[in-house]
Amino acid sequence: MLLTQQGTTSRRELAWTRWVLQSARTWEDVVGIVRKIGIHAVDEDHRKFTQFALDLNLIIQALSNRDTSFDNLHRGDEIFRQLLDYAHIHFQREERIMRSMKSPMLHRHLEQHGAFMGMIEEHYENFKLGRLQMVSGLKLSILDWWVNHINVVDYKTFVLGKTKNMKLGE
Ligand SMILES: [Fe+2]
Ligand SMILES: [Fe+2]
C-alpha cells in the first residue's frame, strides 16, 4: 500500500521523490527528501530505519539478479528481523508521544503503523518461503511507505500538531 502525499506537493516533486528513492543507497542520498520532525529520538529512528530499508533493497536487487548466495539470504533474513524490531520500537515511541500530547491523530496514525507491520511481516513470510519473485516485485514498497508516512502522517501529527505538553521522550 503506497500512501500518496497530499496537500501542496506537486507532481514534479513526487516524481523527484520516487526517483531519489529508486536510486538511493545510503541515508545521505535521501536525507533531502525526508522531513525533519524536530524530536531527536524520532528523527534518529527515521534515519536508522531508512538505512535498514535501503539495505534491504540492495539485497532484493541482488536476489532479483539471481544472486541467491547463502550470504544474501542470511543477510536478507537479518534485515527483515531488524526492520520488524526497529519498527516496533519506533511505533511504541510515537504512540507514547501521541498519548502525552493527546493527539487527535492517534487512532488513524496507529492504524497505519499496524498496517505497515502487517506488510513487512507478509514480505518476510514470502522471503522465508523462498518466494523471491514476490519479494523482488515489492522492492520499493517498504521504503516508499516509510518515507511517505514520515512526510505526511508523522509531519502532520508531530510538527503541525505540536503541543506544549508533549513529552518528547523515551
Ligand atoms: Fe515515524
Ligand atoms: Fe508514525
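Visitor: Are Phe80 and Phe127 buried or exposed?
Guide: In this predicted model, local features need pLDDT of at least 70, side-chain atom pairs count only at pLDDT 80 or more, and totals for chains, interfaces and linings use all residues, while side-chain values rest on heavy atoms, with hydrogens and water left out. Residues are numbered from 1 along each chain as its sequence is written, and chains are lettered from A and ligands numbered from 1 in the order in which they are written. The term buried denotes under 20% relative accessible area, exposed over 50% and partly exposed in between, with a 1.4 Å probe and protein chains only. By this criterion both Phe80 and Phe127 are buried.

Visitor: What percentage of the residues in the chain is buried?
Guide: The accessible surface of the chain is about 9600 Å², with 54% of it belonging to carbon and sulfur atoms; such areas come from the Shrake-Rupley method with a 1.4 Å probe, and for residues only the protein chains shown count as cover. Of the 170 residues in the chain, the buried share is 47%.

Visitor: How many helices does the chain have?
Guide: Helices (H or I, at least four residues) and strands (E, at least two) are DSSP runs, numbered from the N terminus. Along the sequence the pattern reads α-α-α-α-α-α-α. The strand count is zero, and the number of helices is seven.

Visitor: Among contacts in the chain between residues at least 6 apart in sequence, what percentage joins residues at least 24 apart?
Guide: A contact requires heavy atoms within 4.5 Å. For pairs at least 6 apart in sequence, the share joining residues at least 24 apart is 76%.

Visitor: How many aromatic pairs does a search of the whole structure find?
Guide: Rings of Phe, Tyr and Trp (its six-membered ring) pair if their centres lie within 6.5 Å; planes under 30 degrees apart count as stacked, over 60 as edge-to-face and the rest as tilted. Applied to the whole structure, the search returns a total of 10.

Visitor: How many residues apart in sequence are the parts tied together by Phe49 and Phe116?
Guide: Phe49 and Phe116 form a tilted aromatic pair, 5.9 Å centre to centre with 55 degrees between the planes. Phe49 belongs to helix H3 (residues 40–64) and Phe116 to helix H5, so the parts that the pair ties together are separated in sequence by 67 residues.

Visitor: Which residues form one aromatic cluster with Phe49 and Phe116?
Guide: Phe49 is buried at 0% relative accessibility, and Phe116 is buried with a relative accessible area of 0%. The other members of their aromatic cluster are Phe91, Trp145 and Trp146.

Visitor: Which helices hold Phe80 and Phe127?
Guide: The ring centres of Phe80 and Phe127 are 5.3 Å apart and their planes are at 50 degrees, so this pair is tilted. It links distant parts of the chain, 47 residues apart: Phe80 and Phe127 lie, respectively, in helix H4 (residues 70–100) and helix H5.

Visitor: Which ring lies under the charged end of Arg35?
Guide: A charge sits over a ring if NZ of Lys or CZ of Arg is within 6 Å of the ring centre and within 35 degrees of the ring normal. The charged end of Lys128 sits over the ring of Tyr124, 4.2 Å from its centre. For Arg35, the distance to the ring centre is 4.0 Å, and the ring belongs to Tyr155.

Visitor: What is the geometry of the site of the iron ion (ligand 1)?
Guide: Its protein donors, at 2.0 to 2.2 Å, are His46 (NE2), His90 (NE2), Glu94 (OE) and Asp154 (OD); donors are N, O and S atoms within 2.8 Å of the metal (3.2 Å for Na, K and Ca), and water is not among the atoms, so sites may look incomplete. Four donors count as tetrahedral if all angles lie between 85 and 135 degrees; four count as square planar and six as octahedral if opposite donors are over 155 degrees apart and all others between 65 and 115; anything else is irregular. With angles of 79 to 174 degrees among the four donor atoms, this site is irregular.

Visitor: How far apart are the iron ion (ligand 1) and the iron ion (ligand 2)?
Guide: The iron ion (ligand 2) has protein donors Glu94 (OE), His109 (NE2), His113 (NE2), His149 (NE2) and Asp154 (OD), at 2.1 to 2.2 Å. His113 lies in helix H5 (residues 106–128) and His149 in helix H7 (residues 141–160), so this pair ties together parts 36 residues apart in sequence. Glu94 bridges the two iron ions, whose separation is 3.5 Å.
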